[in-house]
Amino acid sequence: MNQDIQFQIECLAAELVQMLIEEYGWDIRRSLDELYSSVTFEKLNDPECGLYYQGAVYVFQFLKSEIETGKIA
């Protein structure tokens, strides 16, 4: 994975953690744990999937669905 893609993923991860904190009232540790252990984050790290290229709000919908239903929408 090249550095540009890795940078985009890291920026998205920071935004997603902030969104988890705001949406669920979790602390940063819980938010990071939820994000990093999710299938959504796994897909975000797969350059072939291209999810890293999407906006944080779009990716958050997948993450939120996964957290609330156990499945990615």
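Trainee: Let's start with Arg30: which residue does Arg30 form a salt bridge with?
Mentor: Keep in mind that this is a predicted model. Side chains of opposite charge can pair when their charged atoms come close. A salt bridge needs a side-chain nitrogen within 4 Å of a carboxyl oxygen, and here the closest N and O atoms are 3.3 Å apart. The partner of Arg30 is Glu34.

Trainee: Which helix do Arg30 and Glu34 both lie in?
Mentor: An α-helix has 3.6 residues a turn, so residues three or four places apart point the same way. Arg30 and Glu34 are four residues apart, about one turn. Both sit in helix H2.

Trainee: Is Glu34 buried, exposed or partly exposed?
Mentor: Buried would call for under 20% relative accessible area, and exposed for over 50%. Glu34 has 24%, and its partner Arg30 has 40%. Since its value falls between those cut-offs, Glu34 counts as partly exposed.

Trainee: How many salt bridges does a search of the whole structure find?
Mentor: You've already met the one between Arg30 and Glu34. Lys64 and Glu23 also meet in a salt bridge, at 3.0 Å from N to O. For the whole structure, the search gives two.

Trainee: How many residues apart are Lys64 and Glu23?
Mentor: This pair links distant parts of the chain. Lys64 belongs to helix H4, while Glu23 belongs to helix H1. Lys64 is partly exposed at 21% relative accessible area, and so is Glu23 at 41%. Along the chain, the separation of Lys64 and Glu23 is 41 residues.

Trainee: What is the nearest side chain of opposite charge to Glu66?
Mentor: Glu66 is found in helix H4, and it is buried yet has no salt bridge. A salt bridge has to be within 4 Å, so the distance of 9.0 Å to the nearest opposite charge rules one out. That nearest side chain is Lys43.

Trainee: Leaving aside its neighbours within four places in sequence, which residues is Glu66 in contact with?
Mentor: Look on both sides of Glu66 in the numbering. Some of its contacts have lower numbers, including Ser38, and others have higher ones, such as Lys71. The full set is Ser38, Val39, Thr40, Lys71 and Ile72.

Trainee: What do the buried residues of H4 pack against?
Mentor: H4 has 14 residues and reaches 20 Å from its first C-alpha to its last, close to the 20 Å expected. Among its buried residues are Phe60, Leu63 and Glu66. They pack against H1, H2 and H3.

Trainee: Which residue follows H4?
Mentor: Check the backbone angle just past the end of the helix. There phi is positive, near 85 degrees. The residue is Gly70.

Trainee: Which helix gives the most to the largest nonpolar core?
Mentor: That core has 18 residues, and Ile9, Phe41 and Leu63 are among those with the most contacts inside it. Helices H1, H3 and H4 each give two or more residues. The top contributor, with seven residues, is H1.

Trainee: Leaving aside its neighbours within four places in sequence, which residues is Phe41 in contact with?
Mentor: Ile9 and Leu35 are on the list, and both are also among the core residues with the most contacts. Tyr36 is on it too; Tyr36 lies in helix H2 and is partly exposed at 46%. Altogether, Phe41 touches Ile9, Ala13, Leu35 and Tyr36.

Trainee: How many disulfides does a search of the whole structure find?
Mentor: Take Cys11, whose nearest cysteine sulfur is that of Cys49, 18 Å away. That is too far for a bond, because a disulfide needs its sulfur atoms within 2.5 Å. Both cysteines are partly exposed, Cys11 at 32% and Cys49 at 41%. The number of disulfides is zero.

Trainee: Which residues does Gln54 touch, not counting those up to four places away in sequence?
Mentor: Gln54 lies in the loop between H3 and H4 and is partly exposed at 34%. Its C-alpha is 9.6 Å from that of Gln8, though the two are 46 residues apart along the chain. The residues Gln54 touches are Leu12 and Val59.

Definitions and conventions:
Residues are numbered from 1 along each chain as its sequence is written. This is a predicted model: local features need pLDDT of at least 70, side-chain atom pairs count only at pLDDT 80 or more; totals for chains, interfaces and linings use all residues. Side-chain values use heavy atoms; hydrogens and water are left out. A nonpolar core is a set of buried Ala, Val, Leu, Ile, Met, Phe, Trp, Tyr and Cys residues joined through side-chain atoms within 4.5 Å. Buried means under 20% relative accessible area, exposed over 50%, partly exposed in between (1.4 Å probe, protein chains only). Contact means heavy atoms within 4.5 Å. Lys and Arg count as positive and Asp and Glu as negative; His and the chain ends are not counted. The expected span of a helix is 1.5 Å times one less than its number of residues.
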